[in-house]
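Biologist: Hi, I've just opened this one and I'm new to it. Can you walk me through a few spots?
Modeller: Sure, let's put it up and go place by place.

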Amino acid sequence: MIVRPSATDQKLVAYFTAKVVTGVGMMMLAPLATSLLFAEWDTALDFGIGLLLALMLGLAGQTAFYTTAALRKRHGFVVVSTSWIAATIFAAVPFALSGYLGSFLDCCFDVMSGLTTTGLYLLQDLDHVPYGLNMWRFILTFAGGQGIVVLALTFLFRGVPGTFGLYAGEGKEERLVPHVVGTARIIWLISIVWLVVGSIAMSAALLFLGEGPVRSVLHGVWIFMGAFSTGGFAPQSYNTFWFHSLGFEAITLVIMLAGSLNFAVHWAAWTGKPRELFKNIETRTFAVTLTALIGVGAYGLARAGVYPQTLVMFRKLFYMMVSGHTTTGFGTIYNRTLVVQWGPVAMLAIIGAMALGASSCSTAGGIKAFRVGIITKSFVRSIREMVAPDAAVVTARYHHIKNEFMSDALARGAMTITVAFVTTYAAITLLGVMSGYPLLDAAFDGVSATSNTGLSCGVVAPGMPWALKSAFIVGMWLGRMEFLSVFALVGWIWATARGR
Amino acid sequence: MLATISRTARALAHDVAGVHDDWREFILGIGVEALFAGALALMALATVQLVLWVAA
């Protein structure tokens, strides 16, 4: 028998969703202040309207659905899903008022892309967008990288019991310290320290490259946010290709890789265990898959004969592969260069990198190196079991912060999520082909969206069919939530409709 | 709610300000993370060289 959620359960979900909506309204203070600072009055008005709407409805929701009932894990997963839907709609309001996007669906696409740290966009005339609107894009991607519910956990949900469901629902199950709110605070501490160090480095690089002081600081902070949150948004339509600078590329590479590391690995490296970086199952798996896929990409580029000089090929290939594998989406080539010059082998290598993704409990997307490592170890264990004597007990171990034995449940869980990812990659590719795009192009952009990467070979454009835009929005959301929260919401709706 | 935000922001600011107590470890941590990126770049360069050598 399916148990229908009670009125109290529904109130709980609505109450916490309203809290997140209020938080989204407060986040709009930053772009509003930026617009006012640069005398962008129209943009300031857009954000004023968006902020008032989110605050009014958020506070009204908190008053109307106020409850002292305890939050349980099952509520947490549903709250995360409903919060992301509500946050997307409210955060899209300033985009819709700005007139830079063709429809409200396009606005939701860009917001979902920002919050999920994907980096694909339908915004038009990016090179002339006001500072305030650009600030909003990067705030969305930075907050989304850490998790909007992690943000709310840090600032809005203090002292609320049962918050682990909220934390886990956003695809971060790891506890850096026993307390979930403490873990959320450490995640923000790491991000803020990197924000300071990375923004100074980026701004100095841009100043050195000849940008003015104001643009150096703003673009430095924004590009840091785009890199560390593995978001891939840039303030120019040519993305990072616009800078043509080896030093700039080196700094963004370090920040992209740092953003794709598990926060637990960061914390270990920062608290006296720097060797963790070289022992961890995730970093080792990432190093192996990155190197192997770079080998495949190099073979493809050599066959295509695009870059006669080895170092030029290495520079382009390494940047694009790291950008794809960390699921950032920064690019140092034109989108169509992938199809026209790089060819199918190199494109398939990047699709593989995007599909696999980087570390769990990081800002990165994709299947995640931890699952890839565990599945590989599970295969090896199966082979060892086949050749071992009948009475032998074959075990497998892995290192993640400490040495652990791999359980069947862990391998099964990793396999389940991987199958869900691969199925979604296939479904979204099929939809792209049905919309009239070539198979490889559809696969490239489809996998890019679902793995929250943001590289594009040209499919994502304002003129793409609305059905495909909608599918990409759902794909980005599913990939970021790692399916469980979305499945929980579907189950919740089903139980509400059919339960007893 | 504003009191909660203010209290947490103060606590987070205290955490960030407290970084200077452990700044050597934090800088070492960031340095090792940059070293990790460098090691990956070297591995990638060696791989590209190897592939080009074999393909030739």
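Biologist: What volume does the second largest cavity have?
Modeller: About 40 Å³. Before we go on, this is a predicted model, where local features need pLDDT of at least 70, side-chain atom pairs count only at pLDDT 80 or more, and totals for chains, interfaces and linings use all residues. Residues are numbered from 1 along each chain as its sequence is written, chains are lettered from A and ligands numbered from 1 in the order in which they are written, and side-chain values use heavy atoms, with hydrogens and water left out.

Biologist: What counts as a cavity?
Modeller: On a 1 Å grid over the protein atoms alone, a cavity is a set of points where a 1.4 Å probe fits but cannot get out, and its lining residues have an atom within 4 Å of a point. Grid points are joined across faces, edges and corners, and the volume is the space filled by probe spheres set on the points.

Biologist: How many cavities of 30 Å³ or more does the search find?
Modeller: Two, in the whole structure.

Biologist: Which residues line the second largest one?
Modeller: From chain A there are A:Leu257, A:Ser260, A:Leu261, A:Glu282, A:Thr283, A:Phe286, A:Ala358 and A:Ser359, and B:Phe36 joins them from chain B. Helix α14 of chain A (residues 281-304) gives the most, with three residues. Helices here are DSSP runs of H or I, at least four residues, numbered from the N terminus.

Biologist: How does that lining divide into nonpolar, polar and charged?
Modeller: Five are nonpolar, three polar and one charged. In this scheme Ala, Val, Leu, Ile, Met, Phe, Trp, Tyr, Cys and Pro count as nonpolar, Asp, Glu, Lys and Arg as charged, and the others, Gly among them, as polar.

Biologist: New topic: is helix α12 of chain A enclosed or open?
Modeller: Largely enclosed by the rest of the structure, because eight of its eight residues (263-270) are buried. Buried means under 20% relative accessible area, exposed is over 50%, and partly exposed is in between, using a 1.4 Å probe and protein chains only. Among the buried residues of α12(A) are A:His266, A:Trp267 and A:Trp270.

Biologist: What do they pack against?
Modeller: In chain A, α6 (131-146), α9 (180-208), α10 (213-228), α11 (246-259) and α13 (276-279), and in chain B, α2 (23-55). Contact means heavy atoms within 4.5 Å.

Biologist: And how do α4 and α20 of chain A pack?
Modeller: Helix α4 (residues 73-98) and helix α20 (residues 466-481) meet at an angle of about 145°, with axes 12 Å apart. The contact is made by A:Val80, A:Ser81, A:Trp84 and A:Ile85 on α4(A), and by A:Trp477, A:Arg480 and A:Met481 on α20(A). Those residues divide into five nonpolar, one polar and one charged. The axes are lines fitted to C-alpha atoms, for helices over the stretch in contact, and angles run from 0 to 180 degrees between N-to-C directions.

Biologist: Any odd backbone angles? I'd like to see those too.
Modeller: Most residues other than glycine have a negative phi. A:Ala39 has a positive one, near 55°, in the loop between α2 (29-37) and α3 (41-64) of chain A. A:Cys361 also has a positive phi, about 50°, in the loop between α16 (337-356) and α17 (369-387) of chain A.

Biologist: Is A:Cys361 buried or exposed?
Modeller: Buried, with a relative accessible area of 4%. A:Ala39 counts as partly exposed, at 42% relative accessibility.

Biologist: Which residues does A:Thr34 touch?
Modeller: A:Tyr131, A:Gly132 and A:Met135, leaving out residues up to four places away in sequence. A:Thr34 lies in helix α2 of chain A, and counts as buried at 8% relative accessibility.

Biologist: Last one: where does A:Ser378 lie?
Modeller: In helix α17 of chain A. A:Ser378 is buried at 15% relative accessibility, and touches A:Met406 and A:Ala411, again not counting residues up to four places away in sequence. The C-alpha atoms of A:Ser378 and A:Ala396 are separated by 7.6 Å, with their places 18 residues apart along the chain.

How values were computed:
Helices (H or I, at least four residues) and strands (E, at least two) are DSSP runs, numbered from the N terminus. On a 1 Å grid over the protein atoms alone, a cavity is a set of points where a 1.4 Å probe fits but cannot get out, and a pocket is an open set with protein on both sides within 12 Å along at least five of seven lines; lining residues have an atom within 4 Å of a point.
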